[in-house]
Amino acid sequence: MSLDTAKEQRGFESEVSQLLDLVINSLYSNREIFLRELVSNAADAADKLRFAALSDDSLYEGDSELGVEIDFNAELKTITVRDNGIGMSRDEVNSNLGTIAKSGTREFFGALSGDAKKDSQLIGQFGVGFYAAFIVAERVVVTSRKAGAGAEEGVRWESEGKGEYSVETVRRDKRGTEIVLHLKEDATEFANGYQLRELCKRYSDHISVPVKLPQTGDEEGYEVVNQATAMWRRSKNELSDDDYREFYKHVSHDFGDPLAWTHSKVEGKLEYTTLFYLPAQPGFDLWDRDAKQGIKLYVQRVFIMDDAEALLPRYLRFVRGVIDTNDLPLNVSREMVQQNKTLETIRAGSVKRILGELETLAKGENYEKFWSAFGRVLKEGVIEDSTNKERIAKLLRFSTTLADDPDANVGLTDYISRMKEGEDSIYYIVTDSFATACNSPHLEYFRSEGIEVLLMHDPVDEWLVSNLAEFDGKLLKSITHVDAVEKSDEGSAEDAQTDDKADDSDEDSVIARVKSALAGQVEDVCESKRLTTSPARLVSAGEQMSANLERLLQATGQDVPSSKRILELNVGHPLVQMVAGLEDGEQIGTWSNLLYDQSILAEGGKLEDPAGFVKRMNEAVVALARQGD
Ligand code: ADP
């Protein structure tokens with residue numbers, strides 16, 4: 001016997017063992033979902049065969065009536081789920097049922113807390129699939145044969161779900177997969193026709209292949225217990241909310257209910273049906289750039305693919321669902337998808353449909369949930385999708401000075417509706433945290449004038465604002481830039497300007513002295529018309545990159561030199577007045593640097609020489625204390 005037909009004992013990949021423990025411990029109260037997961041896999045296997053058979057009809061082996069059969073034996077305490085789908089080779093069994101080939105797996109396990117209750121929420125997002133069998137079974141036996149392979153290439157996999165499994169090559173005449181669950185003592189209730197029928201009704205009505213159970217009573221044979229039509233092709237008024245929710249679980253592998261959905265049939269030159277879901281919670285792989293997309297493409301009732309980026313733009317990667325059309329060729333490939341005109345039209349229509357659904361959602365309470373789960377992803381749309389930029393921008397939500405609440409959700413339209421008369425700018429600040437934004441010296445003027453400022457504190461916000469110069473005719477302006485309030489300033493500008501001039505010409509002024517002390521470090525030093533309680537702040541010139549963006553780019557390893565900025569001094573502040581009264585050049589130097597460094601700290605920046613700052617500060621404080629003695 002050659003090595004690859006011999007029976008071998010193998011250990012699960014460590015993540016699988018961890019997952020199994022988690023599944024068994026955390027899904028106990030939800031045990032019946034094992035059936036949904038297995039039927040869902042069986043239906044996917046039928047979909048895959050249908051697709052593969054498009055280019056090779058012989059894969060059907062004379063049997064193109066695809067379906068799923070469920071059997072049970074109360075005496076033997078077994079349940080069997082059988083399909084005549086694509087099947088698996090020995091290698092595939094090893095990799096599919098011995099490892100977890102999901103992107104983001106490591107991160108997922110890293111995120112687990114060890115608290116069963118919390119983790120069971122997470123496990124729902126991860127999707128347990130096949131391993132759900134072990135919730136009810138103490139031993140699982142899988143026999144499979146890949147479509148197109150010889151009968152001697154069957155494979156038998158067996159495990160008690162305790163760290164190990166065995167695989168061996170066996171003879172199997174029928175293609176497809178059979179999974180036998182040897183039920184745990186406390187799960188024998190499932191080996192019961194009535195129970196299974198109820199569960200199948202719930203879990204497989206939306207499955208597009210027939211799901212069969214043994215006939216009830218004394219009759220021989222099987223009967224189909226589900227509708228066995230593609231759920232999304234049925235008309236809306238035939239479908240209940242429960243139907244939609246169940247189908248969602250099938251397409252998304254999410255255990256929870258969706259937040260909303262939109263189902264529509266487009267008729268005209270192009271005909272297609274879409275059913276899109278907005279999940280209530282982010283999946284574990286939301287931030288994984290390689291994660292599969294959650295949209296399945298069906299062409300002429302054949303499942304074609306579910307991981308093509310071209311089906312929806314990346315900023316809608318949280319959407320789950322189905323696109324179904326008869327207007328594409330069956331041989332549409334992943335590569336073709338990128339340039340196919342029909343698909344481009346469908347995609348554009350789908351994006352509009354989803355944005356429309358979000359607009360509807362935005363009118364109700366659920367939008368907050370959506371926003372906290374996916375807002376950060378949607379923001380990418382402003383950058384990615386120039387066609388729908390304005391629509392997406394309307395859906396954005398921010399915290400603002402009005403609420404000083406990190407979770408306050410203020411839209412740009414709300415902001416504009418509250419603008420003061422004559423105001424034509426939307427003011428914002430971007431920092432690295434809500435606290436930094438909220439307490440920023442840059443806000444002092446705006447707070448005192450009662451002008452609302454958007455408090456942005458998400459890394460993507462810098463890119464967002466650099467792609468959103470205006471909204472609804474109003475310019476977006478950063479309050480860390482020097483010319484932010486030109487307009488609203490006109491009234492008070494005159495006297496401020498005369499003061500400035502006086503300062504500049506007076507070599508003894510505090511402005512001139514600090515400026516010469518900080519020569520080389522700052523672009524300029526001037527008197528602030530904005531600060532009320534802080535002694536100083538740093539502002540960027542009009543076209544200059546914001547300091548926050550500079551820091552972000554530097555953090556990603558990009559070679560961005562820190563640019564020199566303008567130090568504004570609050571000449572009415574006691575500290576600045578104290579500096580103005582100093583005689584000693586060295587002390588002036590120390591205090592100038594302290595003012596500069598604290599301005600950097602206040603905006604969340606990093607000092608080049610933090611220890612130097614601490615030393616200077618200590619010396620300065622001690623010197624002051626001595627003076628006081
Ligand atoms: P998922 O379905 O999320 O990929 P599962 O753990 O449920 O994860 O299954 C892992 C893989 O095993 C599937 O992707 C599929 O390739 C394979 N598989 C599971 N069940 C079947 C089946 N009945 N027929 C063929 N392949 C299957």
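**Two sheets and a ligand site in a predicted model**

An open sheet of three strands, with mixed pairing, follows the order β20-β22-β21, and the model in which it appears is a predicted one.

Me: In the sheet ordered β20-β22-β21, which strands stand at the edges, each with a single partner strand?
Reply: The order places β22 between the other two strands of this open sheet, and neighbouring strands are turned by 25 degrees against each other on average, direction ignored. One side of each edge strand is left without a neighbour in the sheet, because each has a single partner strand, and the two strands concerned are β20 (524-527) and β21 (536-539).

Me: Which residue in β22 does Glu527 stand opposite?
Reply: Strand β22 covers residues 566-569 and is joined to β20 by four bridges, the two strands running parallel. Within β22, the residue opposite Glu527 is Leu569.

Me: At about what angle to β20 does helix α18 run?
Reply: Helix α21 (residues 585-602) packs on this sheet by touching β21 and β22, and its direction makes about 65 degrees with that of β21. Helix α18 (residues 510-517), by contrast, lies across β20 and β22, and its angle to β20 is about 160 degrees.

Me: In the open sheet of nine strands, which strands stand at the edges?
Reply: The strand order is β1-β6-β5-β4-β7-β3-β2-β8-β9, with mixed pairing, and the twist from one strand to the next averages 20 degrees. Since an edge strand has a single partner, one of its sides is left without a neighbour in the sheet, and this applies to β1 (8-11) and β9 (222-224).

Me: Do β8 and β9 run parallel or antiparallel, and which residue in β9 stands opposite Lys212?
Reply: Three bridges join strand β8 (residues 211-214) to β9, and the direction of the pair is antiparallel. The residue of β9 that stands opposite Lys212 is Val224.

Me: Which strands does helix α2 lie across?
Reply: Helix α7 (residues 193-204) packs on the sheet and touches β2, β3, β8 and β9, its direction making about 170 degrees with that of β8. Helix α2 (residues 33-55) runs at about 20 degrees to β3, and the strands it lies across are β2 (68-73), β3 (78-83), β7 (176-183) and β8.

Me: Which element gives the largest share of the shell around the ligand?
Reply: The residues around the ligand include Asn41, Ala45, Lys48, Asp83, Asn96 and Thr177, and by class the shell has three nonpolar, five polar and three charged residues. The largest share, three residues, comes from α2.

Me: What percentage of the area that the ligand exposes when taken alone does the protein bury?
Reply: A nitrogen atom of the ligand is 2.9 Å from an N or O atom in the side chain of Asp83, while a polar side-chain atom of Asn96 lies 3.2 Å from an oxygen atom of the ligand. A polar side-chain atom of Thr177 lies 3.3 Å from a nitrogen atom of the ligand. Taken alone the ligand exposes 530 Å², and the share of this that the protein buries is 81%.

Technical notes: Residues numbered from 1 in each chain as written. Predicted model: local features only at pLDDT ≥ 70, side-chain atom pairs only at ≥ 80, totals over all residues. Heavy atoms only, no water. Pairing = 2+ DSSP bridges. Axes fitted to C-alpha atoms, helices over the stretch in contact; angles between N-to-C directions. Contact = heavy atoms within 4.5 Å. Near = heavy atom within 4 Å. Polar contact = N/O pair within 3.5 Å; in protein donor to acceptor, adjacent residues only side chain to side chain. Areas by Shrake-Rupley, 256 points an atom, 1.4 Å probe, with all protein chains shown as cover. Nonpolar A, V, L, I, M, F, W, Y, C, P; charged D, E, K, R; others polar.
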